[in-house]
Amino acid sequence: MCRELYKKQKGCNWGECEKCGVILLLNKLYNGEVIEDKEKVEEFKNNILKKIEK
């Protein structure tokens with residue numbers, strides 16, 4: 001859902017993707033991995049959100 005909304009309107013109705021924690025929460029629940037480093041968070045979000053743009 002996040003990818004689709006990012007592609008269509010560069011964000012969802014909850015706010016800006018750069019400030020959102022949903023993707024990180026889903027990653028924690030699915031993989032059990034917590035990403036806290038600011039650079040790694042940004043890289044992870046960009047990787048997830050921009051996969052669909054190609």
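## Overall fold

Reading along the sequence, you will meet the pattern α-α-α. The chain has three helices and zero strands; here helices (H or I, at least four residues) and strands (E, at least two) are DSSP runs, numbered from the N terminus.

A word on the basis of this report: this is a predicted model, where local features need pLDDT of at least 70, side-chain atom pairs count only at pLDDT 80 or more, and totals for chains, interfaces and linings use all residues. Residues are numbered from 1 along each chain as its sequence is written, and side-chain values use heavy atoms, with hydrogens and water left out.

## Size and packing

The C-alpha trace of the chain spans about 30 × 25 × 20 Å along its principal axes. Its radius of gyration is 11 Å, which agrees with the value near 10 Å for a compact globule of 54 residues. That radius is taken over C-alpha atoms, and the globule rule is 2.2 Å times the number of residues to the power 0.38.

Of the 54 residues, 20% are buried (under 20% relative accessible area, with exposed over 50% and partly exposed in between; 1.4 Å probe, protein chains only). Among contacts (heavy atoms within 4.5 Å) with a separation of 6 or more, 49% come from residues 24 or more positions apart.

## Surface and charge

About 4,700 Å² of the chain is exposed, and carbon and sulfur atoms supply 50% of that area. The areas come from the Shrake-Rupley method with a 1.4 Å probe; for residues, only the protein chains shown count as cover.

There are 12 positive and 10 negative side chains, and the centres of the two sets lie 5 Å apart. Lys and Arg count as positive and Asp and Glu as negative, while His and the chain ends are not counted. Each charge is placed at NZ of Lys, CZ of Arg, CG of Asp or CD of Glu.

## A look at Lys-45

Lys-45 sits in helix α3 (residues 38-50). Its relative accessible area is 7%, so Lys-45 is buried. Leaving aside residues up to four places away in sequence, Lys-45 touches Cys-17, Glu-18, Lys-19, Cys-20 and Leu-24.

With Cys-20 there is a further detail: a polar atom of the Lys-45 side chain lies 2.4 Å from the backbone oxygen of Cys-20.

## A look at Asn-27

You can find Asn-27 in helix α2 (residues 22-31). Asn-27 counts as buried because its relative accessibility is 7%. Its touching partners, not counting residues up to four places away in sequence, are Gly-32, Glu-33, Ile-35 and Phe-44.

The side chains of Asn-27 and Asn-31 are joined by a polar contact of 2.6 Å. Such a contact is a pair of N or O atoms within 3.5 Å; within protein, one must be able to donate a hydrogen and the other to accept it, and residues adjacent in sequence count only if both atoms are side-chain atoms.
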